[in-house]
Amino acid sequence: MAKDYCVLGIESSCDETGVALVQMQGDALPVLLADALYSQIEMHQAYGGVVPELASRDHIRRVLPLTEQVLAASGRTLLDVDVVAFTRGPGLAGALLVGAGVACALGAALGKPVLGVHHLEGHLLSPFLSADPPEFPFVALLVSGGHTQLMRVDGVGRYTLLGETIDDAAGEAFDKSAKLLGLNYPGGPALSQLAEQGDPTAFKLPRPLLKSGTLDFSFAGLKTAVMVQAKKLAAAQDGRVEALPRQVLADLAASTQAAIVEVLVKKSLTALSQTELKRLVVAGGVGANRCLRAQLNAACAQRGVRVHYPELHLCTDNGAMIAMAAAMRLQSGQQAASEVYAFDVRPRWPLAELPVAA
Ligand code: KG4
Ligand code: ZN
């Protein structure tokens with residue numbers, strides 16, 4: 001593709017509205033011109049988790065002002081947009097419909113094609129926006145709130161699943177354990193912050209499926225173990241976990257984080273040795289975890305493996321990764337759809353169902 005293209009990306013699959021503009025020039029790696037994000041976290045905190053209907057309504061409020069913000073920051077106008085990309089799934093149906101509706105309306109009004117992007121592909125390709133982009137092939141550890149997968153990635157759309165969680169995702173394990181410790185939603189960042197003051201060896205917690213010989217994960221049992229431990233400790237406080245001394249809570253948080261991180265690191269190393277690849281890409285919200293990054297960096301350095309991460313602010317949901325994934329798909333030959341007056345979203349959408357890029 002010789003022409004310069006501007007791709008507008010819209011993310012609205014869960015509780016962040018993200019919009020970004022990416023520019024592609026021939027086969028060079030696309031570059032981010034501007035991005036803007038609105039996080040609904042504060043709104044959902046009162047309920048202890050995401051309320052889907054509130055999420056959809058808030059996406060409606062934010063998406064157009066964010067689009068204007070992105071265009072202004074990049075010195076472009078809507079007329080400069082060549083392709084409009086949106087998150088087609090997986091995610092909350094109502095929330096996805098907002099992004100899809102706005103993207104398809106913009107496409108129809110501007111006479112420009114639209115492209116529905118897989119949210120996980122967005123996460124997976126987000127490290128290509130970093131100052132240290134990876135090269136194919138690599139092993140990917142995709143760790144978000146809803147998914148935990150190890151993949152062999154040979155190119156855009158060329159993904160081989162090596163292992164995945166059979167129950168809770170790693171992010172879910174962080175979130176649910178945090179809730180048990182009385183921490184606020186979203187629990188991952190809160191638990192890891194508390195863990196900084198704790199002793200990771202204070203409590204013996206299970207490392208599920210660590211020795212299973214497979215690359216699958218299971219985190220549901222860990223959450224139960226945290227619950228049992230918290231209840232035991234809280235028995236002396238009339239069962240009130242939040243009344244436990246802060247140091248005890250920090251020790252339990254650190255022990256929980258250590259269990260999750262150890263499983264993620266060991267399985268990633270096994271995937272690397274099985275595939276004989278020397279490159280690891282970590283993507284998704286849990287990829288922001290400092291303990292995970294430190295342990296992966298140390299273990300990979302020892303084995304001569306390069307590790308790539310998205311920029312910290314692009315670990316969690318954002319529009320830049322959606323615009324980037326769309327741009328990389330266009331570069332690899334996928335066509336965006338023109339004249340889309342009917343659209344659909346895929347709240348459940350296995351990555352394996354994505355077409356292989358040309
Ligand atoms: O990728 P993401 O933004 O959304 C999904 O696609 O699910 O991931 C959100 C998940 C949440 O479970 C959140 O608690 C977790 O990522 N997370 C973290 C950290 N930052 C976000 N988990 C552990 N440590 C963090 N620093
Ligand atoms: Zn995500």
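The following paragraphs describe two sheets and the surroundings of a bound ligand in a predicted model.

The description begins with the sheet that holds the lower-numbered strands. Five strands form an open sheet in the order β3-β2-β1-β4-β5, and their pairing is mixed. The edges are taken by β3 (31–39) and β5 (114–118); each has a single partner strand, so one side of each is left without a neighbour in the sheet. From one strand to the next, the twist averages 20°. Within this arrangement, strand β2 (residues 16–25) and β3 run antiparallel and are joined by eight bridges. One residue pair illustrates the register: L21 has A34 of β3 as its bridge partner. Strands of a sheet pair through backbone hydrogen bonds, in either a parallel or an antiparallel sense.

A further open sheet, also of mixed pairing, consists of five strands ordered β8-β7-β6-β9-β10. Here β8 (158–164) and β10 (306–308) are the edge strands, and each of them pairs on one side only. Neighbouring strands of this sheet are turned against each other by 25° on average, direction ignored. Strand β6 (residues 138–143) pairs with strand β9 (residues 279–283) in the parallel sense, over four bridges. For L141, the bridge partner in β9 is V282.

Attention now turns to ligand 1. Around ligand 1 there are 18 residues, of which H123, G145, D175, G285 and N289 come nearest. Two of these glycines also offer polar backbone atoms to the ligand. A polar backbone atom of G145 is 2.7 Å from an oxygen atom of ligand 1, and a backbone N or O atom of G285 lies 3.0 Å from an oxygen atom of the ligand. G171 makes a comparable approach, with a backbone N or O atom 3.2 Å from an oxygen atom of ligand 1. On its own, ligand 1 has 560 Å² of accessible area, and the protein covers 87% of this.

Which elements give two or more residues to the shell around ligand 1? They are the helices α4 (119–125), α5 (170–180) and α6 (187–195). By residue class, the shell divides into 12 polar, four nonpolar and two charged residues. In terms of domains, at least three residues of the shell come from each of domain 1 (4–126 + 315–353) and domain 2 (132–309). Ligand 1 is thus surrounded by residues drawn from both of these domains.

Conventions: Residues are numbered from 1 along each chain as its sequence is written. Chains are lettered from A and ligands numbered from 1 in the order in which they are written. This is a predicted model: local features need pLDDT of at least 70, side-chain atom pairs count only at pLDDT 80 or more; totals for chains, interfaces and linings use all residues. Side-chain values use heavy atoms; hydrogens and water are left out. A residue is near a molecule or strand if one of its heavy atoms lies within 4 Å of it. A polar contact is a pair of N or O atoms within 3.5 Å; within protein, one must be able to donate a hydrogen and the other to accept it, and residues adjacent in sequence count only if both atoms are side-chain atoms. Accessible areas come from the Shrake-Rupley method with a 1.4 Å probe; for residues, only the protein chains shown count as cover. Ala, Val, Leu, Ile, Met, Phe, Trp, Tyr, Cys and Pro count as nonpolar, Asp, Glu, Lys and Arg as charged, and the others, Gly among them, as polar. Domain bounds come from an automatic or database domain assignment. Two strands pair if DSSP finds at least two bridges between them. Axes are lines fitted to C-alpha atoms, for helices over the stretch in contact, and angles run from 0 to 180 degrees between N-to-C directions.
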